Structures are given as structure tokens and as C-alpha cells.
Amino acid sequence: MTHTEANSTALLTDHYELTMLQAALADGTAQRRSVFELFARRLPDGRRYGVVAGVNRLLDALERFRFDEQTIAFLADRGVVDQATRDWLAEYRFTGDISGYADGEIFFPGSPVLVVESSFAEAVLLETVFLSILNHDSAVASAASRMTWWAGGRPCIEMGSRRTHEGAAVGAALAAYIAGFSATSNLEAARRFGIPSTGTAAHAFTLLHDREEDAFRSQVNALGKGTTLLVDTFDVAAAVRTAIELTGPELGAVRLDSGDLPSLAGQVREQLDSLGATKTRIIVTSDLDEYQIAALAPAPVDGYGVGTSLVTGSGYPTCGFVYKLVAREDASGDLVPVAKKSPDKISIGGRKWALRRRSAAGVAEVELIGVGERPTDDGDDRDLLKPLVESGKIVGRTTPQESQAHHQKVRDELPRSASQLSRGEPAIPTDYIGDFNSRNPFLPRSHT
């Protein structure tokens, strides 16, 4: 169970959500049954798949989405909405249903990552906070998954807290863990989510002491011989020699944070082995991304510490998720599809269901989306939309460990081409079935 902060999340939203609510309450449309969908129209260039993260944080935010006295007073003071709307907001509780892709799930263009079914009034207020959480966390997880894929089983440590907003750093640590990172440097993320934390010393600790040897001795005395010593403050070869003289072959690891990492790692490995420290690991840091991790694959590296590129989505800090009304109740009480048709922002109306079509060998082949009807499982497929909220009750929480295991499982379903770092189409196409009038605007192949 994740830690939940006490404060309301109701104002983590845009002003116009409340003005739309006021108008809808006044004209009688606020209670119309509606379906909102959260999806991405495309993947960033070079990405073959995306990773969902932030669902459990979203559910925590929904639980705290309450317009308390202080929040209502702020709205009154600013004149954001009228008294009738404030009275309605004071009683706000989400009572609808939400289904969605689980934390760790893979998504593609057009995937209905979240489906929200309720009155228009209840659902429209959630747009901004839902998008804020899922766009950020999924961008980090999508980058992290590429990194852990190319790490090939070598552990990756998240250490990007100093490169992003302090609140975003906590969400980024969890998102990275979901996508396969083994630990974080962020203690608040460790406290809140129960994920492992790690850390030893920076260059400042070495520079504090009169000699590098004094710094190493102090760290070993405090943390034991299994610690990791940072060996590139001055001369790497001299530092490695000093480290092993102090600890013998029991030194846990050395860390390299600069230089030509592939060649330097090779030199350090030879030196460690020659000194008898054959089990001492080599950890590399220094502004790594998935491309550098892939380039380091042949090098004798035992683990990676990743910061800036990870917490900024490795060049794509958002997934481009949007939250659109796709169906609403008409005057006769029927649920009818609706969709915007703006150039480059086309969407497909109608309530969606989704499954991952797989081959008999369990390899993902198609993201199959039913519009207004459920796709039929041919025997090898997997349903993607899981119940998250039922009649206002949260039912779909998972632990970080469960989410990490789920991601590993579903990533293993992807065709090998999904790991490619070069530009190309998504690893599998998205196909639609059902009665709708829009041509698939998202992917190169579609049919009805």
C-alpha cells in the first residue's frame, strides 16, 4: 500500500474544468452519462512501444479529490465559479467506473489507457490531474524500460532527483522501478512506495579529506568493505590501487563517473583482476541514457546509475496523452459516440475495449480495439482493461513489486524488434473493430 498525503488534490486542475462544470450545471447537461478516454495519438520518434505508469498514484489522487472548506473558500475569493457550483463541488465524490491498463502495461498509439464512465460533471473535473500524473510517469517508465532492456539483466539505479522537480522526482523513482530499475537514490520514494534505496558518497566527500586514501578509509570504516568507492576524482588507476590496498578483494564495487566509459571499464576490470579483486563490481554513471547503455553492453560493467535522461523521459518528458469525451447520453437516453475532427487531432468516438492479440507462441501481434463492442478472444489473447474503480470504490490498486513483475511479463511478449533504438513503426499495429465512421488516424495499418 502506498503512502497517501493528507492534502486535497482538487485544485491540481485547470480553471476551465470548473467553468465548464458551471455552464453544464446551469443548462442541465452536467448529469448526462458520459465516457471519457485517455490515449496517445502517436509514440515519440524512435519509440516502438510505451509503458504505463502512474495508475496507482492516480488512484491515490482520486481518493483525495475533495473540495474541502479551504478549497471552496479559495474558489469563492477568486470568483472562479458561482455559489450553486461551489455548493455542488462541496459534495463532490466520484461515483462512476474507471477501467484502464495496469501499471507496467505496454501501450501503443490509440490504446485506451484509461476509460472513465460517469456523469459529465464528475468525469470532466479529473482531466488535468489524470493527464498530469500519467503523462509524466509513463514518459519516465517508457524511457526506463528501454534502458533496462539494453542493460540485459545488469541492475540499474535511479538517481535523477537533482534533475527534476522534487515532487516529480518521487513519481519518477516509482515509474523507473516499475520498468525494471532495481533501486533509487530518493529516500522519500523509498519511504512512500517501499522500493529499495541505495547510495554511498560523492566527489565532495573525497575532496573534504586531505588525501583520497583518508576518504576511502573513512567510508569503508562507516559502511564496510562491501561499499562502492568513487574512483575518478583524481587518477583512476591510483584510486583503484589504493582502494584494494585498504579493503583487499572484498571491496563491493568501484564507481566510474567520467571519461571514456567503455575503455575505462575495461582497464579497471583488468586492474582489479590483477590485484585479486575479481568479484569487485564496476558501476558506471555519468549522464547515461539508453543509447549509452546499449553501447556499454560489451564492456565489463556490472551496473548503471541513471539520472537526467531518465527523469526527463530521455528527450520526451510527456507521452502526449489526451483525455477526450468519446461517448455521451443523448436526449433519448442512448449512449452515442462523439469525436472531434480537427486536423492532426482526430479521435475515434465510442466506448472502447482492448485486448492484445498474441500468436500461439505468446508473441504480441496486434493491439485490437473494439469500438462499441468487445473484441473476441481467439484463445491466445489478453484483456488489457482492468477494473480500477467500481461505483466510486477503488478496486484496482497494485504494489510496485506486482507492477514491476507485470511489466517484465508483458515486455517479454513483444517481438524482438521492439528493442530497436532506431526510428521505425510501433512494434505492433493497432486495429479497430466495430461500427464507426472514422478511418484509423493513428497507425499505418487498420481495418474494420
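The exercises below work through a predicted model of one protein, each with a solution in steps.

**Exercise 1. Overall picture and confidence**

Task: Describe the extent of the protein, its secondary structure and the confidence of the model, and state which stretches have pLDDT below 50.

Solution. Begin with the chain as a whole: the C-alpha trace spans about 85 × 55 × 35 Å along its principal axes, and the protein has 15 helices and 19 strands. Next, turn to burial and contacts: of the 448 residues, 54% are buried, and among contacts with a separation of 6 or more, 73% come from residues 24 or more positions apart. Then consider confidence, where the mean pLDDT is 94 and 96% of the residues reach 70 or more. Residues 1-5 stay under 50, and the model has 13 contacts for them beyond four places in sequence. Residues 437-448 are also below 50, with 33 contacts in the model beyond near neighbours in sequence.

**Exercise 2. The parallel sheet**

Task: Work out which strands stand at the edges of the open sheet of 6 strands, and find the bridge partner of Ile157.

Solution. First write down the strand order, which is E7-E6-E11-E10-E9-E8, with parallel pairing. Reading that order from its ends, strand E7 (183-184) and strand E8 (228-230) each have a single partner strand, so one side of each is left without a neighbour in the sheet. Now look at one edge in detail: strand E6, residues 156-158, pairs with E7 in the parallel sense over 2 bridges. Within this pairing, Ile157 has Ala183 of E7 as its bridge partner.

**Exercise 3. Strand E14 and its two partners**

Task: Determine how strand E14 is paired on either count, with E15 and with E16, and which residues stand opposite Arg356.

Solution. Start with burial: strand E14 covers residues 352-358, and 6 of its 7 residues are buried. Take E15 next: this strand, residues 364-371, runs antiparallel to E14 and is joined to it by 7 bridges. The two strands form a hairpin with 5 residues between them, and Gly362 in the turn has a positive phi of about 85 degrees. Strand E16, residues 382-383, is likewise antiparallel to E14, joined by 2 bridges. Finally, place Arg356, which stands opposite Glu367 in E15 and opposite Arg382 in E16.

**Exercise 4. Aromatic pairs around Tyr92**

Task: Classify the ring pairs that Tyr92 forms with Phe65 and with Trp88, and say what the pair with Phe65 ties together.

Solution. The count of aromatic pairs in the model comes to 9. For Phe65 and Tyr92, the centres are 5.5 Å apart and the planes stand at 65 degrees, which makes the pair edge-to-face, since the cut-off for that class is over 60 degrees. Phe65 lies in the loop between helix H2 (55-63) and helix H3 (69-78), while Tyr92 lies in the loop between helix H4 (83-90) and strand E3 (97-100), so the pair ties together parts that are 27 residues apart in sequence. Both of these residues are buried, Tyr92 with a relative accessible area of 2%. Trp88 and Tyr92 form a tilted pair, 5.8 Å centre to centre with 55 degrees between the planes; Trp88, at 23% relative accessibility, counts as partly exposed. Elsewhere, ring pairs link Phe36, Phe120, Phe130 and Tyr323 into a cluster, and the charged end of Arg351 sits over the ring of Trp353, 4.2 Å from the ring centre.

**Exercise 5. Cysteines and a buried glycine**

Task: Decide whether Cys156 and Cys319 are bonded or unbonded as disulfide partners, and describe the surroundings of Gly313.

Solution. The count of disulfides is 0. The cysteine sulfur nearest to that of Cys156 belongs to Cys319 and is 19 Å away, and Cys156 is in no disulfide; the cut-off for a disulfide is 2.5 Å. Cys156 is buried at 1% relative accessible area, and Cys319 counts as buried at 11%. Turning to Gly313, this residue is in the loop between helix H14 (308-311) and strand E12 (321-329), and at 1% relative accessibility Gly313 is buried. Leaving aside neighbours within four places in sequence, Gly313 is in contact with Arg47, Ala139 and Ala143. By contrast, the C-alpha atoms of Gly313 and Lys279, which are 34 residues apart along the chain, are separated by 33 Å.

Definitions and conventions
Residues numbered from 1 in each chain as written. Predicted model: local features only at pLDDT ≥ 70, side-chain atom pairs only at ≥ 80, totals over all residues. Heavy atoms only, no water. Pairing = 2+ DSSP bridges. Helix = DSSP H or I, 4+ residues; strand = E, 2+ residues; numbered from the N terminus. Phe/Tyr/Trp six-rings, centres within 6.5 Å; stacked < 30°, edge-to-face > 60°. Buried < 20%, exposed > 50% of the residue type's maximum accessible area, 1.4 Å probe, protein only. Lys NZ or Arg CZ within 6 Å of the ring centre and 35° of its normal. pLDDT = per-residue confidence, 0-100. Contact = heavy atoms within 4.5 Å.
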